[in-house]
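Me: Please examine one part of the structure below closely, namely the surroundings of the ligands. I would also like that part to be placed in the context of the chain.

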Amino acid sequence: MSDGAAGGHNGVERRGVMFVLSSPSGAGKTTLSRMLVKEAAGLQMSVSATTRPMRPGEVEGRDYFFVDRAKFDQMVAAGEFLEWANVFDNCYGTPRAPVEAALASGRDVLFDIDWQGTQQLRSHAPNDVVSVFVLPPSVQALEHRLHTRAQDSHDVIQGRMKKAGDEMSHYDAYDYIVVNDNVGIAFESVKAILRAEQLKRERQIGIDAFVRDMRQQLEG
Ligand SMILES: Nc1nc2c(ncn2[C@@H]2O[C@H](COP(=O)(O)OP(=O)(O)O)[C@@H](O)[C@H]2O)c(=O)[nH]1
Ligand SMILES: Nc1ncnc2c1ncn2[C@@H]1O[C@H](COP(=O)(O)OP(=O)(O)O)[C@@H](O)[C@H]1O
């Protein structure tokens with residue numbers, strides 16, 4: 001989707017998008033994020049650090065960097081996080097260095113973070129953050145998905161269901177809302193949002209020079 005490592009569109013230099021997907025647990029943001037990273041060239045996933053235990057099937061460094069609380073606190077103290085928050089009694093944080101490197105080289109970055117993290121990112125970089133809130137089609141579907149994912153115990157799932165309402169109440173701070181009923185349709189929607197945001201005039205920082213050059217050719 002993004003056209004090359006420089007993040008350009010038809011050769012026009014572009015400013016990277018900080019693309020945030022949030023949702024109540026089980027609504028499908030991990031699924032949509034993976035699909036997006038596979039398809040959108042030049043989009044890099046931000047891998048968070050967390051103190052929560054690893055789930056079956058998760059991979060260190062791909063899904064999260066799994067750290068203990070002492071290490072997490074040390075990273076906070078050293079200013080290594082762009083943002084961090086406490087979610088479901090565990091700490092989650094976005095490592096700063098990979099995000100800054102990706103944006104500096106014209107790549108887009110995808111964040112799977114909660115509403116607190118989204119707020120913090122937006123306050124640091126209001127012009128670069130584009131946020132999408134993913135909703136389940138119903139409470140029944142949400143519960144069913146948490147069970148079929150089969151990665152959490154019954155108690156953990158009940159806890160996540162209880163907190164889903166709170167998480168959902170923050171939908172109104174997001175730029176876009178996608179209801180994830182049919183996953184293919186939801187994916188098309190998320191992809192369309194990213195593409196449109198990449199093409200925003202103010203993100204195409206090379207567009208002035210591009211047009212100036214053509215005008216000179218036309219006039220000369
Ligand atoms: N603020 C913040 N939230 C995060 C970060 N990483 C993950 N989260 C959020 O923490 C919540 C719990 O994530 P997780 O334990 O993986 O469960 P999931 O929601 O079922 O995928 C989700 O809302 C994530 O979006 C982070 O680095 N910062
Ligand atoms: N549109 C959908 N229809 C049915 N199942 C889905 C859909 N989207 C995701 N799922 C499934 O629901 C479960 C939770 O999705 P996941 O992406 O892990 O959610 P989240 O990251 O928001 O917690 C997974 O088993 C996933 O395969």
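Reply: The account below begins with conventions, proceeds to the ligand surroundings and then turns to the rest of the chain.

The model is predicted, so local features are reported only at pLDDT of at least 70 and side-chain atom pairs only at pLDDT 80 or more, while totals for chains, interfaces and linings use all residues. Residues are numbered from 1 along each chain as its sequence is written, and chains are lettered from A and ligands numbered from 1 in the order in which they are written.

The shell around ligand 1 comprises 19 residues, of which Ser25, Ser48, Ala85, Tyr92 and Gly117 come nearest. A residue is near a molecule if its C-beta atom, placed from the backbone, lies within 6 Å of it. At least two residues of this shell come from each of strand E5 (81-87), strand E6 (90-95) and helix H4 (115-124); E5 gives the most, with four residues. Helices (H or I, at least four residues) and strands (E, at least two) are DSSP runs, numbered from the N terminus. By class, six residues around ligand 1 are nonpolar, nine polar and four charged. Here Ala, Val, Leu, Ile, Met, Phe, Trp, Tyr, Cys and Pro count as nonpolar, Asp, Glu, Lys and Arg as charged, and the others, Gly among them, as polar.

Ligand 2 is surrounded by 14 residues, and the closest are Gly28, Thr30, Thr31, Arg145 and Val183. Two or more residues of that shell are given by each of helix H1 (29-39), helix H5 (139-149) and helix H7 (183-198). Its composition is three nonpolar, eight polar and three charged residues.

The UniProt record, an unreviewed entry, lists a "binding site" made up of Ser23, Pro24, Ser25, Gly26, Ala27, Gly28, Lys29 and Thr30. UniProt positions are given in the numbering used here, feature names are shortened, and annotations may be inferred rather than shown by experiment. Two residues of this listed site can be followed in detail. Alanine 27 lies in the loop between strand E1 (18-22) and H1. Alanine 27 counts as buried because 27 other C-beta atoms lie within 10 Å; the cut-offs are 20 or more such atoms within 10 Å for buried, 12 or fewer for exposed, and in between for partly exposed, with C-beta atoms placed from the backbone. Beyond its neighbours within four places in sequence, alanine 27 is in contact with Val134, Leu135, Pro136, Leu142 and Asn180. Contact requires C-beta atoms, placed from the backbone, to lie within 7 Å. Lysine 29 is found in helix H1 and is also buried, because 24 other C-beta atoms lie within 10 Å. With neighbours within four places again left aside, lysine 29 is in contact with Leu21, Ser22, Ser23, Asp112 and Val134.

Other residues extend this picture. Alanine 49 is placed in strand E3 (residues 49-50) and is buried because it has 20 C-beta neighbours inside 10 Å. Its contacts, apart from neighbours within four places in sequence, are Tyr64, Phe65, Val67, Phe72, Met75, Gly93 and Pro95. The C-alpha atoms of alanine 49 and cysteine 91 are separated by 8.1 Å, although the two residues are 42 residues apart along the chain. Methionine 168, in helix H6, is partly exposed, since 17 other C-beta atoms lie within 10 Å. Methionine 168 is in contact with Pro24 and Leu135, leaving aside neighbours within four places in sequence. Serine 138 is found in the loop between strand E8 (129-135) and H5 and is exposed, because only 11 other C-beta atoms lie within 10 Å.

The wider chain offers the following context. For "domain: Guanylate kinase-like", the UniProt record (unreviewed entry) lists residues 16-195. Over residues 16-195 the chain is 43% helix and 23% strand, with the end C-alpha atoms 12 Å apart. The largest nonpolar core has 35 residues, and those with the most contacts inside it are Met18, Phe19, Val20, Phe111 and Val132. Such a core is a set of buried Ala, Val, Leu, Ile, Met, Phe, Trp, Tyr and Cys residues joined through C-beta atoms within 7 Å. Methionine 18 touches Val109, Phe111, Leu121, Ala125, Asp128, Val129 and Val130, not counting residues up to four places away in sequence. By contrast, helix H8 is hardly covered, with zero buried residues among its 13 residues.

Definitions and conventions:
Contact = placed C-beta atoms within 7 Å.
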